[in-house]
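Colleague: Could you take me through one part of this model closely? I would like to hear about the metal site and what surrounds the topic of charged pairs.

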Amino acid sequence: MAKETKEGITVSKEKDFSEWYTQVVTKSDLADYSPVSGCMIFKPYAYAIWEKIVATVDKKIKKMGVQNAYFPLLIPEKLLNKEKEHVEGFSPEVAWVTHTGKSKLEERLAIRPTSETIMYEAYARWIRSWRDLPLRLNQFNSVIRWEFKNPVLFLRTREFLWNEGHTAFATKKEAEKECTDILNTYYDVLKDLLALHSVKGKKTEKEKFAGAEYTISTELFMPHGRAIQGPDAHHDGQNFAKAFGIEFLDEKEKKQHVWQNTWAISTRVIGILIAAHGDDKGLVLPPNIAPNQIVIVPIIFKKEGEKVLKKAKELVKQLKEHNVILDDRDYSPGWKYNEWELKGVPLRIEIGPNDLKKKQVIIVRRDTGKKEIVKENKVKEVVHKLLEDMQKNLYKQSEKIFTSKKTKAATMSALQKVIKQKKFAEVHWCGETTCEETIKDKTEGAKILNIPFEQPKKVSNCVCCKKQGKHQVIVAKSY
Ligand SMILES: [Zn+2]
């Protein structure tokens, strides 16, 4: 048997979060760097997680009536320039194709930073009458936005994977209803699949999507006191419809512009998942997103080895629905325990000659580390209960990160103090962009995340200008 121990995580999450994060991502075999700075390799373990997110979102949106399609990666410059705010918002980050071989292209082509423009050129041709509506298309693809900040695997990369839904309706009411439904769908994916707590709300004018009438978002909170925006949905009003000429004849034969939404969830949520749940031993995966929910480690000694292995194989069959890994490799049990803990597998089942005699196994939970001796005939039942419990427990912990660090601040100096302490400040705000900018300046870059849908009955004075406030908002440093 190999005696070496696998090298685990060498720093604590609390003391050095960014080093911890990098080690967890690379050592747990999720991802790797690539020769292009800011572009990352999704290894099979991470891609399996993404596939689960895709499958869940896909199922939910199809049920709502959305269809999948695929539009080209390259966008002609004149199309990208059609909607003014949109192009201004994206132009610093757009990567261009300018040549083929040695010859220069007549018109340069943008690599999609998002697909509104390439899709709406087609929508303008396809939509003629109210009978063509709603048109609700989605694509799962990747986009490129040339970030200039330091790249962080999953959280800030130049290329990322996502879904982008682009829909067109005859009325504003229908479009706005979809926008809310989609945000609720994303909220449920975060909660039920990834065990992540988030706050739903409306983005400020300053922070909304370029070209949208408004943006609604989920905001998530990380243990080291930073916030990060999760999936979002934009109601575009008729902005793009007017820029692209997407018109239809209504039932009274009157020409109208369509009402539109766009919405997305990206691979960024995998980074949030890692950051929120991981601990000093490595990844902790909520059972519902874990590619494998159980690993069985048989303790094999020469004499009883075959019997133990036979029993372990029986268990694999019995627990098939949990996508079990049987680790019968030639390493010491301790080495294997470390490896699977590092990879965040929710449950570990140990079985040795002694357990065999007693007709029992040992089950260890990844989130609490708690060990339980379980009779063979109860394994299935106990496994179910433990997985369910672990999913709930991780959600509660994620909620606690937020509630335990959320602190009210009534004055600018109190706000500055809360941000310095790496907490999330709950403040009242007048709604003016000038105050929003002042808040950012005076807190070394902390910002208003969104205006939560849940508001208190009474709002006090603005933390900045002292005039009557309009909203209660959360201010935090964010990714
Ligand atoms: Zn103010």
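Modeller: Happy to; here is the zinc site, followed by a few salt bridges. This is a predicted model, in which local features need pLDDT of at least 70 and side-chain atom pairs count only at pLDDT 80 or more, while totals for chains, interfaces and linings use all residues. Residues are numbered from 1 along each chain as its sequence is written, and side-chain values use heavy atoms, with hydrogens and water left out.

The zinc ion is held by the SG atoms of Cys-430, Cys-435, Cys-462 and Cys-465, at 2.3 to 2.4 Å. Donors here are N, O and S atoms within 2.8 Å of the metal (3.2 Å for Na, K and Ca); water is not among the atoms, so sites may look incomplete. The angles among the four donor atoms run from 106 to 116 degrees, making the site tetrahedral (four donors, all angles between 85 and 135 degrees). Along the chain, the donors of the zinc ion are spaced C-x4-C-x26-C-x2-C. Cys-430 sits in the loop between β21 (424-429) and α14 (433-442), and Cys-462 in the loop between β23 (451-452) and β24 (471-476), so this pair ties together parts 32 residues apart in sequence. Helices (H or I, at least four residues) and strands (E, at least two) are DSSP runs, numbered from the N terminus. Both Cys-430 and Cys-462 are buried (under 20% relative accessible area, 1.4 Å probe, protein chains only).

Turning to charges, there are 28 salt bridges, each a side-chain nitrogen of Lys or Arg within 4 Å of a carboxyl oxygen of Asp or Glu. One of them joins Lys-447 and Glu-207, with the closest N and O atoms 3.3 Å apart.

Conventions
Tetrahedral: all angles 85-135°; square planar, octahedral: opposite > 155°, others 65-115°. Buried < 20%, exposed > 50% of the residue type's maximum accessible area, 1.4 Å probe, protein only.
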